[in-house]
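Hi,

Here is the structure I promised to pass on to you. Have a look at it first, and then read on for my notes.

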Amino acid sequence: MLTYKKIIVAGLAALALALALYPQSLMTAEQARTLGLVLVTLSLWATSLVPAYLASLIFIAFALLFKLAPPAVVFSGFHSSAMWLVFSGFLIAAGVRKAGLSERIGSALTARISHNFTLLISGIFAVAVVLAFIMPSSLGRFFLLWPIALALAEKLGFAGGSNGRAAVSLATVFACHMPGFALLPSNVPNLILAGAAQTIYGVDFTYARYMALHFPILGLLKSLIIIALILRFFPDTPQPLAAGERQNQNAKPLDWRQWYVIAVLVITLAFWMTDTFHGINPAWIGICASIALLMPGLGPVGPEDFDKNVNFGVFLFIAGFLAVGAVVNATGLGIVIAHGMEHVLPLSPGRDFVNFLSLSLMGFVVGIISILPGVPAVLTPMASELSALTGLSLTSVLMTQVIGFSTILFPYQSAPLMVGMQVTEQPVGNMMKVLFPLTLITAFILVPLDFLWWRLLGVI
């Protein structure tokens, strides 16, 4: 029986074949084949017609068979820091859960927020936003917060498949990722943009300036809108523990293993918070934390826990996700798409609002094809040209990318969203219930507000 998912994938597969056989004049044959393969892969991720890891393997296999990029580029995801950050995240989450810390923290929080579902979802966002100021990675924040949020959901009676479990899951995933776009070191695309701007143009973004420009609208206001959407589509009523049961849960003192895990987490957080001083990649810090948690006789994560908690399907998805961006950049497909939009969009000096909308749209569309980290990689080298076309300052043009890559229509665009979706076992449909209206609200309300805010700050 045909479903809309199969129809979408079949249609894009037919388009991919047409592009491979009859490449358009705007792109080379290699770029046309890459575009076709990317569209099929993205459709498989977006529809979940097959598991995400299988879609990744399909992309990797065909990219190698058709020689779209060298093997070193196709397999670059396997030796990326993102891969190892996910690995360490699984083990940190397993350690927190295995030591019983997630249950203790969940029990302690139950007494304070169990009476109000709105307070519960808002509290998860508040904690994640605070973590965004001190932790440089969306995935790191997610793996630290998720076992606590899961224990809290179970304490409040939210079984798998319930609205309450979906709300807590989605709140954790979105809260650990979306506000981070408004804080310079808190998401990968931000860092790529800052590094490329400094390397190519000598433009340095300061933490305070970046935050002042983006956090009020893209960080704070967008978080409040996501909270409202989650509460609207996934309403539920918590079932708090009885007072006696809750007291018994927290009456016992922490044992030595729990103190050991706390010490590992504190040291790990300290190194993550100070990475600008020592320069150690957060992923390598995570690997050291994983070793401490796996250490026989000390760490709570044993061999059987390792096999149970490390999800290799997620690793394969991440490898494919990163491969898509790497192959698109290696073939120059992203630049072709961006230059094509440059000729279509109404870019001209003196039309600041139209230019602002057009540049934001360009970042959004490039992010759909080349994945979010690909946006600054593709558009930053074009920023000087776009500045001349629009009459906007170079800094303004660079900063419009943030609006583009922070507007996410499909989960596959963002590794943290896809990893979070799989770890929390939420279907694509649940995530789209938030992403689709959020994209519309961003386009028609937040982007115009952003323009007014930038004008107030004198950036435009």
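Before the notes, one definition: a residue is called exposed when its relative accessible area is over 50%, buried when that value is under 20%, and partly exposed in between. Please also keep in mind that this is a predicted model.

With that cut-off in hand, let me begin with E425. Its relative accessible area is 69%, so E425 counts as exposed. E425 sits in the loop between α23 (415-423) and α24. The backbone there may catch your eye, as phi of E425 is near 60°, a positive value in a residue other than glycine.

I371 also has a positive phi without being a glycine, with a value near 70°. The loop between α19 (352-370) and α20 (374-379) holds I371. Is I371 buried or exposed? I371 is buried, because its relative accessibility is 1%.

Next, the interior. The largest nonpolar core has 145 residues, and the members that touch the most others are W45, L120, I121, F174, F205 and I230. Apart from that core lies another one of 5 residues, including V129, A132, L183 and F215. Which residues does F174 touch, leaving out those up to four places away in sequence? They are F125, P179, I226, L417, M431, V434 and L435.

On the surface, there is a nonpolar patch made of F436, L440, F444, I445, L449 and L452. Together these residues have about 620 Å² of accessible area. F436 belongs to helix α24, which covers residues 428-457. With a relative accessible area of 48%, F436 is classed as partly exposed, since the partly exposed class lies between 20% and 50%.

I337 is another residue to look at, in helix α18 (residues 333-344). Its relative accessible area is 18%, so I337 counts as buried. From I337 to V378 the separation is 41 residues in sequence, while their C-alpha atoms are 9.4 Å apart in space.

Finally, the cysteines. How many disulfides does a search of the whole structure find? The search finds 0. As a reminder, a disulfide is a covalent bond between the sulfur atoms of two cysteines. As for the surroundings of two of the cysteines, C176 is buried, because its relative accessibility is 1%, whereas C288 is exposed at 53% relative accessible area.

Happy exploring, and write back whenever you like!

Best wishes

Note on methods: Residues are numbered from 1 along each chain as its sequence is written. This is a predicted model: local features need pLDDT of at least 70, side-chain atom pairs count only at pLDDT 80 or more; totals for chains, interfaces and linings use all residues. Side-chain values use heavy atoms; hydrogens and water are left out. A disulfide is a pair of cysteine sulfur atoms within 2.5 Å. Buried means under 20% relative accessible area, exposed over 50%, partly exposed in between (1.4 Å probe, protein chains only). A nonpolar core is a set of buried Ala, Val, Leu, Ile, Met, Phe, Trp, Tyr and Cys residues joined through side-chain atoms within 4.5 Å. Contact means heavy atoms within 4.5 Å. Patches are made of residues with over 30% relative accessible area and no salt bridge: like charges are joined within 9 Å, nonpolar side chains (Val, Leu, Ile, Met, Phe, Trp, Tyr) within 5 Å. Accessible areas come from the Shrake-Rupley method with a 1.4 Å probe; for residues, only the protein chains shown count as cover. A salt bridge is a side-chain nitrogen of Lys or Arg within 4 Å of a carboxyl oxygen of Asp or Glu. Helices (H or I, at least four residues) and strands (E, at least two) are DSSP runs, numbered from the N terminus.
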